[in-house]
There are 4 protein chains.
Amino acid sequence: MPTAPRSTAPTEFAYLGPEGTFAEAALGTVTGSPGTVGTRPEASVAAALTAVRNGECAAALVPLENSVEGSVPATMDGLVTGDPLVITREVFLEVAFVLAVRPGTDAADVRTVASHPHALAQCRGRIAELLPGADVVPAASTADAARRVAEGEFDAAVCAAIAADRYGLDALVTDLADHPGAVTRFVLVEPPGGLPAPTGADKTTITAVVHDRTGALLDLLAEFAVRGISLARIESRPTRERLGVYSFSIDVEGHVSDRRVSDALAALHRRCAEVRFLGSYARADEQPGKPVEERVGDQAFAAAEAWVARVRAGTAV
Amino acid sequence: MPTAPRSTAPTEFAYLGPEGTFAEAALGTVTGSPGTVGTRPEASVAAALTAVRNGECAAALVPLENSVEGSVPATMDGLVTGDPLVITREVFLEVAFVLAVRPGTDAADVRTVASHPHALAQCRGRIAELLPGADVVPAASTADAARRVAEGEFDAAVCAAIAADRYGLDALVTDLADHPGAVTRFVLVEPPGGLPAPTGADKTTITAVVHDRTGALLDLLAEFAVRGISLARIESRPTRERLGVYSFSIDVEGHVSDRRVSDALAALHRRCAEVRFLGSYARADEQPGKPVEERVGDQAFAAAEAWVARVRAGTAV
Amino acid sequence: MPTAPRSTAPTEFAYLGPEGTFAEAALGTVTGSPGTVGTRPEASVAAALTAVRNGECAAALVPLENSVEGSVPATMDGLVTGDPLVITREVFLEVAFVLAVRPGTDAADVRTVASHPHALAQCRGRIAELLPGADVVPAASTADAARRVAEGEFDAAVCAAIAADRYGLDALVTDLADHPGAVTRFVLVEPPGGLPAPTGADKTTITAVVHDRTGALLDLLAEFAVRGISLARIESRPTRERLGVYSFSIDVEGHVSDRRVSDALAALHRRCAEVRFLGSYARADEQPGKPVEERVGDQAFAAAEAWVARVRAGTAV
Amino acid sequence: MPTAPRSTAPTEFAYLGPEGTFAEAALGTVTGSPGTVGTRPEASVAAALTAVRNGECAAALVPLENSVEGSVPATMDGLVTGDPLVITREVFLEVAFVLAVRPGTDAADVRTVASHPHALAQCRGRIAELLPGADVVPAASTADAARRVAEGEFDAAVCAAIAADRYGLDALVTDLADHPGAVTRFVLVEPPGGLPAPTGADKTTITAVVHDRTGALLDLLAEFAVRGISLARIESRPTRERLGVYSFSIDVEGHVSDRRVSDALAALHRRCAEVRFLGSYARADEQPGKPVEERVGDQAFAAAEAWVARVRAGTAV
């Protein structure tokens, strides 16, 4: 069971827009220097995924989870329904807000500060402290707020550094969040094709649907544990419309080209009402993977299979 | 180990404001007829929890998870840090958006439609269909949009029915969401005290922190499985700042006054780096609980303990 | 991994002698009509196994466990040390003792009754009742006692019906045991070669050596449980001379040509300090095997492997 | 749940006779200097157990397993049927055979050598080498052979050193076994009463009967594993007459006065069709017990129970 690599890198990317948000910043870390590829903001995660399914874009970068807002069901659910898509890359981006103003504006001049309500909520304390008299105004997105500042509608925007750049604004304050360090995990999704080559520090994402009985999750996790595979994330997903089943979204350490991972996936295929492979890709977080026991390395699998073949042939005990 | 019941119901409630949002509607199902209790909108989940910790309010109703937006880390994290609070009740509320206008307004008259960006996103398709020429304008909240419609600033708001009522608006369209059926799960939290009486269909919520090794989650879940306890929800929680540990947020079926549940909690206390009890309360969803095996009923526990006591005394085998 | 069948049946058999014991009776159920094959009594289990290892005999029938005497370590240990041998058949034989006398002898004439001490112990009560005045004399084997009765040295022997036949004695009493129903399980062992064809009701016997840590057995058994394989027998075996390891002798339901069994054996090969295959063969007891879940049937394995192959090739999710 | 200690030591002991066998030698290590207690050889394990159940003896020493012959079903089964008895002590005795002769006899003088057939089998090689011309004669027991040598009936006996002493014989050869090092494990059984005090290196023996379904043993062992308890011995026991159930004989490390052990026993009581406590006693083998994790020490249990009690009272989270 060799794993076929992907032959070519995508050249046209959808992302959760609009332009100038953190999603575009994250996409920049994927696409490299601007101009070499096309990027296309979409109004929703669903629209970004559709653009890939349609063939209008080769890949889409969408948020999967955020350390402040939590998981992003639109992405999770968008991947498990509809035509198959797989994750080929993950990107972690620190969500660092800046206070963006037109050049020459001082804090004392700021009467109105605009942003997406989530961003305003995450910076509420600092805004009250720095701009005690300013009106706080909701905008459709952090980038939209920056655009409207550039146009003179508002005095300041809470936005990504990329939006300040794009609209010619200055960052009066960086690290504006009340609790800095928020991180969003984005994933790049593509139509199935060859898989990213294993790097030795990979993750595999799956969705598994099991019959809803006591112990079902334990039995499912046992399939990973007996094969020495560590979980990196697990989340039960509501399946309200489907009584009697339970769905889990799971990241494990390892690549489907590792025998222990493919063996566990085969076991899940036998055990689960449904299992969907959502990709194997290089892990991008700073956490080191847990060491892999020798007993579940590819060599151990190969040796065990060779022995069993001899046993079945009657030539070994 | 008898369980002490709560003596009195709270009379002053904080909730995630502002007034006129779904949170207030959910609170109405808890507090009963208006006027008998005080309610107090807060600007954030953290502020609502603080009001309870301060003693300014007796309880707070905050969102825990939403079928479209996912889990609410602000609530999860707000419960596990700071002074203890426990969940005493859960409320499921369908998130049904209406298109609210001033009385006498027709769809053809609507030039501007306002709401919180999340609400606008969830109703994008229907708005485009019903109001193809209208400008879509972000607001700080769905209730804020309704207020501004009442004041004449915009023509229509996407909001909860309760906001239309409050501001004297008419619901031109109900069930406006592109994918109806979204549900938010709210929880009522209070300072520790007596526990809600068991009802026979209860949930218990805990947070458990384990050392990050392969199989740690399996071992933790085995403590529930050997005692015949079913999981209702599980989510791994990032603990970026704490290397080498892994945190799980878990709902199980049953009440801590059930022996199988208290026995499992004791086991987790022994096994985990940290475990926090976040409440036992009547389940409010429509899912029936799974049947409890006789072997883990309170009578089976009592009989087993009596036998072991006789064995230890040397009077039984 | 097809399983190669055995090409020819053995024609020369060793067994635990001497002639006329239950082992010879059991061998008769294997070899069919007398005269078509050679049989050869050996003085010990070790000698019988050696005769097969040497090539002097094609197979040996030796006792593995007895419902009165327990397991037979000489057989267990004899199979796991030395050149490989595998079990190709099991035979259950009821150990029914007769009281054998020379033709014409009445109970009242019996002054001496001889047998192997084990047989005398199992029939003590009936002998005391039937022959209250007789002297009880130990012999080297039940068959030796019968021979000496035939020679006139003693008046009666406690032996197998086959010994009475062989030495021209009459069975004055059958079912002489105080607690009838004792059964001995014999196994036919041969050098490795093709395997007995699966019958749909098979057993597989293995020995597994694991590192001696808490939970090691649980981990080992989990490999069978996740694959839906039932245990038929388990026994921890002392390995005094090898500190820090623990040895188990295990029978499971199923044939190594069943994918779930060969997959579990491969897992044990990876996990255990040592694992030895001791044979797959038709089960001969009256117990029906437990039903096999569809999820672990060969078709489920084949479907899962095909899916995983497509996932690895990038053509399925 | 304090554990009541035994108040007095027994003063009259039954054992598996006859006098002069290894069982009597083992009993000597229990009773101390001869003459202070009464000892009483019985003709069978069953008779020895009956003598205790009748009250004729205070305790019985019977063999449980032997490194050459395996487990002793008569003891196992004798303990689990009939009135309750518990193991209060275990004794390991090396089975060292001597070649006993009348004083003055040389090897060259030996024409006949007698013993129990098992002993003769275990020394066959050495006898053939040392006494190539001697006739080998079965006796009812090793001690019976020694007695008959003393009486002049035979020239030599294969027996225990204690039998040579008792009958005034000289040990011409010691360590006569072909494979020296065989060990028998005896257990002292008494009627239930207080328990032996825990020593910090104890064993607990139980019998558990479970319903015969795939995974039943795994579930049972999980009760020990979650509580950090190590198995020292496990053996599935045939229960032919009881279809649909499976019986296990198990030794675990630890004393029932250890909370982890009593907690596991309570769990087995809830889970099993039947569980029988067969005693907690000081381990007598040379194997060190495995270290006990702090999380399952008595202090951890006490702390966990105190916390759960506070949680149930509503005063802790």
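**Exercise 1. How many residues do chain A and chain C each bring to their contact?**

Let's start by keeping in mind that this is a predicted model. Chain A gives 43 residues to the contact, and chain C gives 43 residues as well.

Next, turn to the area. About 3600 Å² is buried between chain A and chain C, with 64% of it coming from carbon and sulfur atoms. On the side of chain A, the three residues that supply more than any other three are A:Arg270, A:Arg312 and A:Val317, with 26% of the area that chain A buries against chain C.

**Exercise 2. Find which elements and residue types make up the side of chain A that touches chain C.**

Begin with the elements: α8 (216-225), α9 (259-271), β15 (274-282) and α10 (298-313) of chain A give two or more residues each. Of these, α10(A) has the largest share, eleven residues.

Now sort this side of chain A by residue type: 25 are nonpolar, seven polar and eleven charged.

Finally, look across the interface. Ten residue pairs are in polar contact between chain A and chain C, while the count of salt bridges is zero.

**Exercise 3. Work out what kind of axis relates chain D and chain C.**

First, superpose the copies: a turn of 180° with a shift of 0.0 Å along the axis lays chain D on chain C with an RMSD of 0.1 Å. The two copies are therefore related as by a two-fold rotation axis.

Then locate that axis in chain D: D:Glu235 is the residue of this chain that comes closest, its C-alpha lying at 2.1 Å.

Last, compare the surfaces. Because 100% of the interface residues of chain D are also interface residues in chain C, the copies meet through the same surface.

How values were computed:
Residues numbered from 1 in each chain as written. Chains lettered and ligands numbered in written order. Predicted model: local features only at pLDDT ≥ 70, side-chain atom pairs only at ≥ 80, totals over all residues. Heavy atoms only, no water. Contact = heavy atoms within 4.5 Å. Buried area = accessible area lost by both parts, 1.4 Å probe. Salt bridge = Lys/Arg side-chain N within 4 Å of Asp/Glu carboxyl O. Polar contact = N/O pair within 3.5 Å; in protein donor to acceptor, adjacent residues only side chain to side chain. Helix = DSSP H or I, 4+ residues; strand = E, 2+ residues; numbered from the N terminus. Nonpolar A, V, L, I, M, F, W, Y, C, P; charged D, E, K, R; others polar. Least-squares fit on C-alpha atoms with pLDDT ≥ 70 in both.
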